[in-house]
Amino acid sequence: MTQGRKGAGKGREIAFRTGRILAGLFVLAIWISASATGMLPDPAEVLAYLLSMKLEDVAPQVLKTLYNSITGFSLSFLASMVLGLLSHKLSLVKGFSEALSEIFNSTSALVWSLVLVATLGVLSPLPPILVVAAVTLPHVLTATVSALSSADPGLLEAVRSVGAKPSDEFFEVILPSSVPLLASASRVGLGTALRISVVAEAFGSSGGVGYMIIRSYNLADASGVLAWSIVLIALVLVLDQLILKPLERRAKRWLE
């Protein structure tokens with residue numbers, strides 16, 4: 001029986017990995033088909049462009065995008081924690097947080113980019129950071145309020161019955177039970193932050209991967225646009241698979 005289960009599990013794992021490989025081949029086939037019509041440069045041309053890029057030219061742009069993304073996400077995470085904690089105690093703050101999430105969630109990254117660039121100026125380093133914070137806030141805030149409300153009522157009642165303070169309730173029960181949900185929300189939020197930051201950089205920044213994509217577009221350099229787009233995709237995948245996903249898995253195991 002055990003051997004049978006192991007065999008079935010191994011079969012599902014192989015099928016899962018095969019599906020992932022097929023997804024990559026599917027995207028590559030679409031790209032090759034589009035390049036055959038002359039709409040896009042072919043993969044070999046873009047690969048040659050990528051190999052010609054120097055590390056000292058790529059690294060500063062990647063670091064700037066990471067800085068914009070992580071700083072903007074950190075602002076939205078801190079604001080979400082404060083509002084989430086207050087929402088747990090005050091209905092007024094809970095209503096305020098829900099309405100704020102709805103308004104921010106209805107505003108596109110393009111609108112935020114144009115408004116902040118017009119307000120702060122093209123040369124200001126703040127628009128990309130603030131756009132990331134504004135776009136990720138509703139997602140992180142909603143997840144934080146849900147996470148902080150998911151504490152076991154029976155466990156909370158038990159803690160209160162022995163005279164625990166509100167701070168003890170938060171640090172001993174509410175926060176530990178929220179860690180897995182907060183870790184999942186952070187993984188999604190940081191991935192969103194990276195994708196959004198390039199939009200903001202394209203409209204109001206002097207550097208970053210988004211700036212390099214729009215710069216290549218303005219120079220009618222299609223290979224450059226695709227090469228920098230691949231740099232961004234690789235950055236998101238590496239961050240997600242090597243850092244965020246293991247951290248999320250560890251947070252779930254920690255609760256168990």
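**Two crossing helices and a pocket**

Q: Is the crossing of α3 and α4 left-handed or right-handed?
A: This is a predicted model, where local features need pLDDT of at least 70, side-chain atom pairs count only at 80 or more, and totals for chains, interfaces and linings use all residues. Residues count from 1 along each chain as its sequence is written, and side-chain values use heavy atoms, leaving out hydrogens and water. For α3 and α4 (helices are DSSP H or I runs of at least four residues, numbered from the N terminus), the crossing (left-handed if the near helix turns anticlockwise from the far one by less than a right angle) is left-handed.

Q: At roughly what angle do the axes of α3 and α4 cross?
A: Helix α3 spans residues 55-89 and helix α4 spans 91-105. Their axes come within 6 Å of each other, and the crossing is at roughly 135°.

Q: Which residues of α4 make the contact with α3?
A: On the α3 side, the contact (heavy atoms within 4.5 Å) uses L83, L86, S87 and K89. Facing them from α4 are S91, V93, K94, F96, S97 and L100.

Q: Which helix gives the largest share of the lining of the largest pocket?
A: G24, V27, L28, I30, W31, L40, L226, S229, I230 and I233 line that pocket. Helices α1 (2-36) and α10 (222-255) each supply at least two lining residues. The largest share, 5 residues, comes from α1.

Q: How many charged residues are in the lining of the largest pocket?
A: Sort the lining by class and 8 residues are nonpolar, with 2 polar. As for charged ones (Asp, Glu, Lys and Arg), there are no charged residues.

Terms used. Axes fitted to C-alpha atoms, helices over the stretch in contact; angles between N-to-C directions. 1 Å grid on protein atoms, 1.4 Å probe; cavity = no way out; pocket = protein on both sides within 12 Å on 5 of 7 lines; lining within 4 Å.
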